[in-house]
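Q: Could you take me on a close look at the aromatic cluster in this model, and then at what surrounds it? I would like the cut-offs spelled out as you go.

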Amino acid sequence: QVQLVESGGGLVQPGGSLRLSCTASGSFRVVNIMGWYRQAPGKERELVALVSRGGITNYADSVSGRFTISRDNAKNMVFLQMNSLRPEDTAVYYCNGDVMDYDSKLTNYWGRGTQVTVSS
């Protein structure tokens, strides 16, 4: 059973910073693309950032230059450093990953999410 578990959310003032972490656990060969998505109240879930196993990154325009995604392949972890946070960044942030099992089958998994609230 594969699980993605996020941590690091919380309440922060505008202009502040937070660092989210996500760990993939269970029995699998590797985790390929990992990413972060977010969903604000009344809105659809949207992509925030992706990172390949080789370190190639992709960001939503709304966070480019403020957020940085990174990963530790040895620990099956992905991180999201969020700087210059704005009230519109308030959302539940979800970790996502493409996990390859020992039969080389790829399955996409989601974490349960962590709340990020940006407010004064």
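A: Happy to: here is a walk through the aromatic cluster, followed by some of its surroundings. Please keep in mind that this is a predicted model, in which local features need pLDDT of at least 70, side-chain atom pairs count only at pLDDT 80 or more, and totals for chains, interfaces and linings use all residues. Residues are numbered from 1 along each chain as its sequence is written, and side-chain values use heavy atoms, with hydrogens and water left out.

Let's begin with the rings. A pair of aromatic rings is described by the distance of the centres and the angle of the planes. Here, rings of Phe, Tyr and Trp (its six-membered ring) pair if their centres lie within 6.5 Å; planes under 30 degrees apart count as stacked, over 60 as edge-to-face and the rest as tilted. The structure holds 2 aromatic pairs. In one of them, the ring centres of Tyr37 and Trp110 are 4.9 Å apart and the planes meet at 65°, so this pair is edge-to-face. Tyr37 sits in strand β4 (residues 30–39) and Trp110 in strand β10 (residues 106–110), so the pair links distant parts of the chain, 73 residues apart. Strands, for reference, are DSSP runs of E with at least two residues, numbered from the N terminus.

Trp110 also pairs with Tyr94, again edge-to-face, with 6.4 Å from centre to centre and 85° between the planes. Because Tyr94 belongs to strand β9 (residues 91–100) and Trp110 to β10, this pair ties together parts that are 16 residues apart in sequence. Ring pairs thus join Tyr37, Tyr94 and Trp110 into a cluster.

How open are these rings? Buried means under 20% relative accessible area, exposed over 50%, and partly exposed in between (1.4 Å probe, protein chains only). Tyr94 is buried at 13%, while Trp110, at 38%, counts as partly exposed.

An arginine joins the picture as well. A charge sits over a ring if NZ of Lys or CZ of Arg is within 6 Å of the ring centre and within 35 degrees of the ring normal. The charged end of Arg45 sits over the ring of Tyr94, 3.7 Å from its centre. Arg45 also lies over the face of Trp110, at 4.5 Å from that ring centre.

Next to Arg45 in numbering comes Glu46, a residue of strand β5. Glu46 is partly exposed, with 36% relative accessibility. Setting aside residues up to four places away in sequence, Glu46 touches Tyr37, a member of the cluster, and Arg38; contact means heavy atoms within 4.5 Å. The side chains of Glu46 and Arg38 are joined by a polar contact of 2.7 Å. Such a contact is a pair of N or O atoms within 3.5 Å; within protein, one must be able to donate a hydrogen and the other to accept it, and residues adjacent in sequence count only if both atoms are side-chain atoms. From Glu46 to Trp36, the C-alpha distance is 8.8 Å, with their places 10 residues apart in sequence.

Trp36 leads us to the nonpolar core, a set of buried Ala, Val, Leu, Ile, Met, Phe, Trp, Tyr and Cys residues joined through side-chain atoms within 4.5 Å. The largest one has 29 residues, and those with the most contacts inside it are Trp36, Val48, Phe67, Val78, Leu80, Met82 and Tyr93. Strands β4, β5 (46–51) and β9 are among those that each supply at least two residues of this core. Leaving out neighbours within four places in sequence, the contacts of Met82 include Leu18, Leu20, Phe67, Tyr93 and Val116.

Finally, look at Thr90, in the loop between β8 and β9. A polar atom of its side chain lies 2.9 Å from the backbone oxygen of Pro87. The backbone nitrogen of Val118 is likewise 2.9 Å from a polar atom of the Thr90 side chain. Beyond four places in sequence, Thr90 touches Ala40, Gln115, Val116, Thr117 and Val118. On the other side of β9, the loop between β9 and β10 holds Ser104. Ser104 has a positive phi, near 65°, in a residue other than glycine, and is partly exposed at 41%.

Key:
Helices (H or I, at least four residues) and strands (E, at least two) are DSSP runs, numbered from the N terminus.
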